[in-house]
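Biologist: Please give me a close look at one part of this model. Begin with the side chains and work outwards to what surrounds them.

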Amino acid sequence: MFYKDGRHAITLIELVVVVVVVGILAGLALPTYTRSRERTMDKQAIAILNFVLAAERVYKSEMGGYYPNGGATESYLSNINSNLRLDLVDDGNWATHSILGIGTSGQPSLHFQATWTRDKGGYSRTWSITDTSINATCAGNCP
């Protein structure tokens, strides 16, 4: 549309076309963004569990057993952080996190299993690692 003095204005049709094109581009980018975010969360879980594994090995060498004692489960990050000397942060991305001590109740654990579970955005997966693991494993809707 042109005014009498030669200026150009945007018509409603041009505006609608631009909005539709931007919407299509956003629709194409969103699934890629979601997959990328989930891959990042998977890497975060693996890194956290590798930190827990290393901290558990140090704890065992100092205390004679793994944390927590046999038959106990610890799910509070503050207790996990203070006992294993970690600085893990609850960023809201994980539904549950726990460490299970495997062994005689009340005695130092002979083995442990640490799990981090994510159940958001249609992705439900649990990453875990044990004292005999080399790598963290995934169960559920895994990549």
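Modeller: A polar contact is a pair of N or O atoms within 3.5 Å; within protein, one must be able to donate a hydrogen and the other to accept it, and residues adjacent in sequence count only if both atoms are side-chain atoms. By that rule, the side chains of T130 and S133 make a polar contact of 2.8 Å. This is a predicted model, where local features need pLDDT of at least 70, side-chain atom pairs count only at pLDDT 80 or more, and totals for chains, interfaces and linings use all residues. Residues are numbered from 1 along each chain as its sequence is written, and side-chain values use heavy atoms, with hydrogens and water left out.

I take strand β4 as the part to look at. T130 sits in β4 (helices, H or I of at least four residues, and strands, E of at least two, are DSSP runs numbered from the N terminus). T130 is partly exposed, at 23% relative accessible area (buried is under 20%, exposed over 50%, partly exposed in between; 1.4 Å probe, protein chains only). Beyond four places in sequence, T130 is in contact with L53, F112 and Q113 (contact: heavy atoms within 4.5 Å). T115 is 15 residues from T130 along the chain, and their C-alpha atoms are 8.9 Å apart.

R125 also belongs to β4. With a relative accessibility of 4%, R125 counts as buried. Its side chain makes a polar contact of 2.6 Å with the side chain of D42. D42 lies in helix α1. D42 is buried too, at 5% relative accessibility. Leaving out residues up to four places away, D42 touches R125, W127 and P143. R125 has a longer list on the same terms, including E38, W116, T117 and R118. C138, A139, G140, N141, C142 and P143 are also among the residues that R125 touches.

Now the sheet around β4. Five strands form an open sheet, in the order β1-β2-β3-β4-β5, with antiparallel pairing (two strands pair if DSSP finds at least two bridges between them). β1 (73-74) and β5 (137-140) are the edge strands, each pairing on one side only. β4 and β5 pair in the antiparallel sense over 4 bridges. One of the residue partnerships there is W127 with C138 in β5. The hairpin from β4 to β5 runs through 6 residues.

Helix α1 (residues 12-63) lies across β2, β3 (111-120) and β4 (123-130). It runs at about 20° to β4 (axes are lines fitted to C-alpha atoms, for helices over the stretch in contact; angles run from 0 to 180 degrees between N-to-C directions). Helix α2 (residues 77-84) packs on the sheet as well, touching β1, β2 and β3. The direction of α2 makes about 50° with that of β2.

Follow the sheet to its other edge. β1 is joined to β2 (residues 96-102) by 2 bridges, and the two run antiparallel. E74 stands opposite I99 in β2. I80, in helix α2, is in contact with both E74 and I99. Y67, S75, R85 and L88 are also in contact with I80, its neighbours within four places in sequence being left aside. I80 is buried, at 0% relative accessible area.

Last, the aromatic side chains. The structure holds 2 aromatic pairs (rings of Phe, Tyr and Trp, the last by its six-membered ring, pair if their centres lie within 6.5 Å; planes under 30 degrees apart count as stacked, over 60 as edge-to-face, the rest as tilted). The rings of Y59 and Y67 have centres 5.6 Å apart and planes at 65°, so this pair is edge-to-face. Y59 counts as buried at 16% relative accessibility. Y67 is buried at 7%. Y66 and F112 form a tilted pair, 5.1 Å centre to centre with 55° between the planes. That pair links distant parts of the chain, with Y66 in the loop between α1 and β1 and F112 in strand β3, 46 residues apart. Y66 counts as buried at 7% relative accessibility, and F112 counts as buried at 0%. F112 also brings us back to β4, where T130 is in contact with it.
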